[in-house]
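Trainee: Could we go through how the chains of this model sit together? I would like to follow the reasoning at each step.

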4 protein chains.
Amino acid sequence: MNLNFASDNTGPVAPKIMEAMLAANTGAAMPYGNDPSMDEVTQGIRRTFDMPEATTLLVTVGTAANALALAILVQPYETVFCHRTSHIELDECGAPEFYSGGAKLTLVDGPDGKICAEALRAAIERVGTDLHSVQLGALSLTNLTELGTIYTLDELRTLTGIAREYGLYTHLDGARFANACAALGCSAADMAQGFDMISFGGTKNGCMGVEGIVIRDPEMAQQAQFRRKRAGHLWSKNRFLAAQMQAYLHDDLWLQLAAQANVAGQRLAKGLREVGARLEAEPAGNMIFARLPRQAHNRAFAGGAQYSLSDENGDGVLARFVCDWSKTEDEVDALLALLQGKSAQNAATSAATA
Amino acid sequence: MNLNFASDNTGPVAPKIMEAMLAANTGAAMPYGNDPSMDEVTQGIRRTFDMPEATTLLVTVGTAANALALAILVQPYETVFCHRTSHIELDECGAPEFYSGGAKLTLVDGPDGKICAEALRAAIERVGTDLHSVQLGALSLTNLTELGTIYTLDELRTLTGIAREYGLYTHLDGARFANACAALGCSAADMAQGFDMISFGGTKNGCMGVEGIVIRDPEMAQQAQFRRKRAGHLWSKNRFLAAQMQAYLHDDLWLQLAAQANVAGQRLAKGLREVGARLEAEPAGNMIFARLPRQAHNRAFAGGAQYSLSDENGDGVLARFVCDWSKTEDEVDALLALLQGKSAQNAATSAATA
Amino acid sequence: MNLNFASDNTGPVAPKIMEAMLAANTGAAMPYGNDPSMDEVTQGIRRTFDMPEATTLLVTVGTAANALALAILVQPYETVFCHRTSHIELDECGAPEFYSGGAKLTLVDGPDGKICAEALRAAIERVGTDLHSVQLGALSLTNLTELGTIYTLDELRTLTGIAREYGLYTHLDGARFANACAALGCSAADMAQGFDMISFGGTKNGCMGVEGIVIRDPEMAQQAQFRRKRAGHLWSKNRFLAAQMQAYLHDDLWLQLAAQANVAGQRLAKGLREVGARLEAEPAGNMIFARLPRQAHNRAFAGGAQYSLSDENGDGVLARFVCDWSKTEDEVDALLALLQGKSAQNAATSAATA
Amino acid sequence: MNLNFASDNTGPVAPKIMEAMLAANTGAAMPYGNDPSMDEVTQGIRRTFDMPEATTLLVTVGTAANALALAILVQPYETVFCHRTSHIELDECGAPEFYSGGAKLTLVDGPDGKICAEALRAAIERVGTDLHSVQLGALSLTNLTELGTIYTLDELRTLTGIAREYGLYTHLDGARFANACAALGCSAADMAQGFDMISFGGTKNGCMGVEGIVIRDPEMAQQAQFRRKRAGHLWSKNRFLAAQMQAYLHDDLWLQLAAQANVAGQRLAKGLREVGARLEAEPAGNMIFARLPRQAHNRAFAGGAQYSLSDENGDGVLARFVCDWSKTEDEVDALLALLQGKSAQNAATSAATA
C-alpha cells in the first residue's frame with residue numbers, strides 16, 4: 001500500500017501516458033519536434049484552451065516552464081509580482097532570475113496563499129515607474145496555490161484586470177492547473193482567460209515529465225523557441241514528450257487524473273478534520289496543510305506514512321499531504337487510521353509490503 | 001525499413017532502456033533523486049569511470065549537460081577554448097554563454113574537426129592574461145568530434161596536458177563518448193582521464209533522454225546541484241532518468257549499443273567509398289560526412305532516405321549520415337543501393353512501409 | 001542661497017577635491033590605474049581602514065560599487081539579506097541581480113530602516129539550505145541607513161556576528177559611511193570591522209564621482225578587477241579618480257566634510273521639530289524624514305526650497321531633506337523660516353539669487 | 001616633454017573641457033541628468049549628428065557605451081558580427097556578453113582591421129537562421145579601426161547595407177569617431193548614417209571621461225535608460241559629464257582636437273617611414289602600428305619614450321604609437337630622433353624633465 005503523501009510527484013506515471021510513450025517508440029522520427037506528433041499537440045492545446053493561435057512548447061520540468069515564460073514576458077530590469085509563498089520565489093533556486101537575466105520578484109501578500117487585490121495594487125504603486133527602481137513587468141499567479149487553496153475565476157479576472165490596467169503581462173503557474181479546473185468545474189479556456197502565458201503542468205498529474213508552455217502571442221512564441229533551445233530544454237527525442245501530452249489531452253485524461261487526485265484529497269481533508277487536525281487553509285483540491293498533534297504524527301511516520309513537514313516547533317507539526325492521481329480510498333483511510341492510532345498495525349503492514 | 005540517417009537521435013529507445021523505465025514505474029518514489037535508484041547510478045558511474053569520488057548529475061539534454069559543466073568550470077569573465085566546429089559553438093544557441101553568465105568561446109582550428117596542439121597553444125597565448133581581455137578558463141574537447149573523427153588517447157593527453165600547463169580546466173563533450181570508446185577499444189576511465197568534467201551522453205545512443213554530468217571534484221559537484229536546479233533540469237520523477245542510466249551502464253550496454261552503431265557506420269563508410277562518394281574525413285565511428293554526386297543524392301531522397309545536407313552548392317552535395325544503435329546491415333545496404341541506383345525501387349518500397 | 005535639500009548629491013564638489021583633479025591634469029599618465037597615484041590611494045585606504053592587505057578599486061557610482069561587491073561575494077544561486085528599504089533593493093534598478101547573474105535579495109525588516117537581529121536570524125532560517133531554495137550568500141547593511149538612522153558599532157557587530165555564524169559574507173553599503181563615522185565618532189576601521197567588503201562612498205560627500213570598493217581578501221580582489229573591467233567601470237584616465245580619493249583621504253577630509261553635513265543636518269532636525277514637524281525616525285546625520293503640514297510644505301516649495309517627497313497623501317507630506325557638505329547655517333535657517341512662514345519673502349529672494 | 005605614445009588616453013584633459021567642468025561646479029544641481037545642462041547636450045548632439053529625434057545617454061567609459069548599445073540591439077540568443085581585432089572582442093573582458101545576457105560575438109575577417117563585405121556576407125550566411133544556432137543580431141563596426149585604418153563612407157554604406165539586408169541592427173564603436181571624421185573630412189551625420197547606435201567617444205580625445213551613446217530610435221532609448229541605471233552608469237552628478245560633452249561639441253572642439261591628434265599622427269607616420277620602420281597598415285589618423293628594428297626600439301625606451309608592444313619576437317618589435325590631442329611637433333620629432341639615434345641624449349633629457 002502506497003502511503004507516500006509527500007508530493008504528487010512521488011506518484012507513478014499513469015498507464016495511458018506510459019502506453020503512449022511505448023507506442024511512440026517505433027522506428028525513426030525526426031528530432032526536435034519536427035515529427036507529426038508535435039503538430040497534434042499544438043492542435044490539442046488550441047482546442048482544449050480555445051486559443052486558435054496558441055503555440056505550445058514542451059519541456060520536462062515545471063521550473064523550466066515558469067522561468068522560460070517569465071523570461072519572455074519581462075525585461076531584465078523589470079519585476080514580477082507574485083505571492084510570497086509562490087513556487088517561483090521559494091522553490092526554484094532563483095530560476096526566474098537566471099532565465100530573465102536578473103529580473104526581480106516583488107512579493108505580494110494575501111491570506112491563504114492568494115494575492116489579494118488591494119495588496120497587489122499597493123505593491124505595484126510602490127514599485128512605481130521611477131528610473132531608479134525596477135520597472136513593472138508581469139504578474140504571476142498560481143492555481144491551485146502553493147497552500148492548496150484556489151482562486152475562483154472571478155478572483156483571477158480581478159487580478160489579471162489590475163495587471164492589464166498597469167500594463168503588466170500575466171503568467172499562470174499551472175503546476176496544478178488540472179486540479180484547479182477539476183475543483184472549479186471549469187474549462188481550461190476559462191482558467192486561462194486573461195493570461196499571456198500558462199505553464200500547463202503534466203508531471204505532477206500522472207505524466208513522467210512534461211509541461212506545456214502555452215503562449216498566446218505568436219511573436220512571443222518565436223523567441224520562446226530560441227530561449228528553450230539555449231536553456232537546454234529542447235529534446236531531440238521530443239516525440240516522447242509529445243506522446244505524453246497527446247495522451248494527457250486525449251479524452252481529457254488531464255481532467256480525469258486531477259479529479260481522482262482531488263477526490264482523494266478531499267477525503268483526506270475531511271478525515272483529517274475528523275481526527276482533530278487543524279487545517280491551515282481550505283484545501284480546494286489534492287493538497288492539504290494540517291497541524292497534527294505530535295503523537296499522531298509519530299504514529300503515522302512509525303507506520304510508514306510519508307509527507308513533508310514545514311514546521312516542527314511546539315507540540316504539534318505542520319504537515320503537508322499531497323494526493324497524486326493514483327491515491328485510493330484505502331490508502332487515504334490507512335493514513336487516517338495511522339494518525340488516529342486505530343489500526344496502526346494493519347496499515348504499517350500494508351505499507352511495508354507496498 | 002528505417003532509412004533515416006539524419007541523426008543518431010532519430011532512432012528509437014533501446015528495448016533494455018525502455019524496459020527499465022517501465023520497471024521503474026512501480027508505486028511511489030521520493031522525488032529529485034532521493035530514491036535509492038540514484039545511488040546505484042552513482043556507484044555505476046564510479047565503477048565504470050574508475051573515479052571513486054565522482055558525482056553524477058543526470059539531465060535529459062546534451063546541451064544542458066555541456067552548459068552546466070562549463071558554467072561550473074569557468075567564471076563569467078573567462079573563456080572556453082573549443083574547436084571551431086564544436087557543438088557548444090555551433091549548435092547550442094548560446095547555451096554556454098547563457099549558463100556561464102556570459103563567458104566567451106575562443107575558437108581553435110585544426111583539421112578534421114580536431115584541435116591541433118600548436119593551434120591550442122597559440123590561441124591560449126593570444127588570449128593571454130591582460131586585464132582587458134577575457135581570462136583563461138577551460139578547454140572543451142569533443143570525442144567523437146562533430147566531424148565524426150576521433151581523438152586518440154595520446155592526442156587527448158597532449159591537449160589536456162597543455163590545458164593543465166596553463167591552468168585551464170577541462171571538459172569533454174561526450175555526446176558520442178560511447179562511440180569513441182568503442183572505436184578506440186578503450187575504457188571509460190581511459191577516455192575520461194585528464195578531464196575535470198565529462199558530459200556522458202546517453203540520448204544519442206539508445207536512451208530516451210539522459211546525459212550524465214560526471215564531476216571529479218566534490219566541491220564542484222556541490223554547486224552543480226544548485227545550478228542544475230536553477231536551470232530547471234532537476235527532474236522530480238528522477239527515477240526515470242536513473243532507470244535509463246542504470247540500464248545503460250548495466251553489462252556495458254552503452255558500449256554494446258555504440259559498437260552496433262559503429263559497425264553500421266563503418267559499413268556505410270566503406271560502401272560510400274565504393275559508390276564513389278568522397279569522404280570528408282576519416283570516419284571513426286557512426287557518423288560520416290561525404291560528398292555525393294547530385295544524381296545519387298536525388299535518387300536517395302526520392303527513395304525515402306533521410307540525411308542532412310550541410311552544403312548544396314556545386315554539382316554535388318555534402319551529406320551527413322549518422323547511424324544509430326538500431327541500424328541494420330540491410331538498412332545500410334538499402335541506402336547504398338539507392339545511392340548507386342541499383343535497387344532503388346526495392347529500397348523505396350521498404351522505406352515507405354517503415 | 002542654496003535651498004536644494006533634495007539630496008547630498010545635488011551639492012557641489014568640494015574645493016580640495018576639485019583642486020586635486022586640476023593638479024592631476026599634468027602631462028601624460030599611464031592609464032587604468034597604472035600610474036603612481038593609485039598606489040597612494042591603496043596606501044591611504046589601508047592606513048585609514050587599518051587593513052594592511054586591503055585592495056581598493058575605484059568606480060564612479062555607488063550602485064556600481066555595491067553591485068560589484070555583491071557579485072563577488074555571492075554565487076548566482078544565492079541570496080543577499082538586506083533591509084526592505086535598502087538602496088540595493090529600491091534604488092538600483094536591479095543592479096545587484098544584473099551583476100551577480102541573478103542572485104536574489106531577501107528582504108529583512110526592522111524599525112527605523114535597521115535590520116533587527118531576530119528578524120535577520122528568522123529570515124536566514126526561513127531561506128534555509130534546501131536544494132530547491134536559493135542558498136545563503138551574504139548580508140548587506142547600510143550605515144547611515146536609507147532612513148537617516150544609524151547602526152551603533154555594537155549593533156553592527158551583532159549582525160555581522162549572526163552572518164558569520166551562518167557562513168554569510170558581509171557587505172557594507174557606505175554611501176554615507178563618512179556621515180556614520182562622524183556621527184558615532186568612530187574610526188573607519190571601527191566601522192569596517194566584520195565586513196568583507198565596503199562601498200566607501202565619496203560622491204555624496206563632496207567628491208565629483210568616486211567610490212572605493214574596499215576588499216579585505218586578496219583573492220576576491222583578483223576577480224574584482226576583471227568584473228570591474230567587464231562592467232565598463234575601469235577608467236582609462238583613472239588618475240582623476242585617484243586624485244579625488246587621495247584628496248578625500250588626506251587629513252581626513254572625508255570626515256570633515258561629513259561632519260559639516262551632519263552639523264547642518266542636526267540643526268535642520270532640531271529646527272524641524274521646533275516648527276512642529278514630526279520626524280519619522282531619529283536622524284543621526286545629514287538626512288531627515290519629516291512629516292510636514294501641507295501649508296508649510298507649500299510655502300517652502302513656493303519659496304524655492306527643494307526636497308523630495310515620498311508620500312503626499314493626507315493633509316501632510318512626508319519629506320526627505322538631505323544636507324550636503326556645503327550646507328550653511330544660513331541656508332538651513334532660511335529653509336526653516338520658509339516652513340514656518342516667518343521670513344518667507346527673504347528666503348525666497350535669497351533662493352532666487354542662488 | 002611628453003614622450004608617452006602609449007595611448008590617446010594617457011593624455012591630459014583639454015583646457016576647455018576642464019574649464020567647463022570647473023564652471024559647472026556652481027551651487028546645487030538636480031542629479032541624474034535632471035538639470036538643464038543635459039538638455040543642451042541633447043540638442044547639441046541632435047544638431048551635430050543631424051538626428052532630430054536622437055537621444056543621448058552619457059557614460060564615462062567606452063566599454064560601457066559599447067556594451068550598453070549592444071545589449072539594447074541584440075537579444076541574448078543572438079550574435080554580433082564584428083572584426084576579429086575589434087575592441088569589443090579583444091579589449092573589453094567580455095563586457096558585451098555580460099551586458100547582453102550572453103550574446104555571442106561572431107568574428108569576421110578582413111585586411112587592415114576592416115571587415116570586408118564578402119567576409120561579412122559569408123559569416124552571416126554561415127550563422128544562418130537554424131534554431132540550433134545563435135540568431136542574427138547586429139553588426140558592429142569601428143572607425144577608426146583598432147589598427148588605425150579607416151573605413152571610407154562608401155565602405156561603411158556597403159557594410160551597413162548588407163546588415164540591413166539581413167535584418168541586423170548596426171552599431172558604430174566611435175572611440176575614435178572624431179579622428180575618423182577629421183581624417184575623412186566628413187560630418188558626424190555622414191559618419192553616423194546607417195547606424196542605429198553610435199558610441200561617440202570623448203575620453204580618448206581630450207575629455208576626462210565621457211562617451212555619448214547616441215540612439216536613433218526613441219523606443220530603444222527608453223530601455224537604454226534602465227539598462228544604464230542598472231549597470232551603475234547613471235551619474236548623480238551628471239552635470240560634470242554634461243559639461244564635458246557640451247564643451248566638446250561647442251564650436252566643434254571634438255573635431256579640432258582630433259585634427260590635432262591626426263596631424264601629429266601623420267607626422268609620426270611619415271617620420272617612421274623615413275627612419276626605416278615598416279608600417280603595418282596605412283594609418284589614417286592618430287594611431288600607427290610599425291615594426292621597428294630592435295636597436296631603434298631599445299634606444300627609444302632608454303630615452304624615455306613610451307608606447308605599447310604587441311609582438312616582440314624576432315629581431316624587431318611591433319610597436320603601437322598613438323598621438324593624443326596634445327602631442328606637439330616637437331614631441332613627435334623627439335621620438336623620431338630617439339628612434340634614429342640622432343639626438344637621443346637631448347630627447348632623453350627633455351623626457352626626464354617632462
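Mentor: Happily! Helices (H or I, at least four residues) and strands (E, at least two) are DSSP runs, numbered from the N terminus; axes are lines fitted to C-alpha atoms, for helices over the stretch in contact, and angles run from 0 to 180 degrees between N-to-C directions. This is a predicted model, where local features need pLDDT of at least 70, side-chain atom pairs count only at pLDDT 80 or more, and totals for chains, interfaces and linings use all residues. Residues are numbered from 1 along each chain, with chains lettered from A in the order written, and side-chain values use heavy atoms, leaving out hydrogens and water.

Trainee: How do α1(C) and α1(D) run relative to each other?

Mentor: Helix α1 of chain C and helix α1 of chain D, residues 15–24 in each, have axes 12 Å apart and pack at an angle of about 180°. Angles under 35 degrees count as roughly parallel, over 145 as roughly antiparallel, 65 to 115 as roughly perpendicular and the rest as oblique. The pair is therefore roughly antiparallel.

Trainee: Which residues of α1(D) meet α1(C)?

Mentor: Contact means heavy atoms within 4.5 Å. From α1(C) come Met18(C), Met21(C) and Leu22(C). Their partners in α1(D) are Met18(D), Met21(D) and Leu22(D).

Trainee: What relation links chain D to chain C?

Mentor: Copies are superposed by least squares on the C-alpha atoms of residues with pLDDT of at least 70 in both. A turn of 180° and a shift of 0.0 Å along the axis lay chain D on chain C, with an RMSD of 0.0 Å. That means the relation is a two-fold axis.

Trainee: Which residue of chain D comes closest to the rotation axis?

Mentor: Judged by C-alpha, the distance to look for is 3.6 Å. The residue is Ala231(D).
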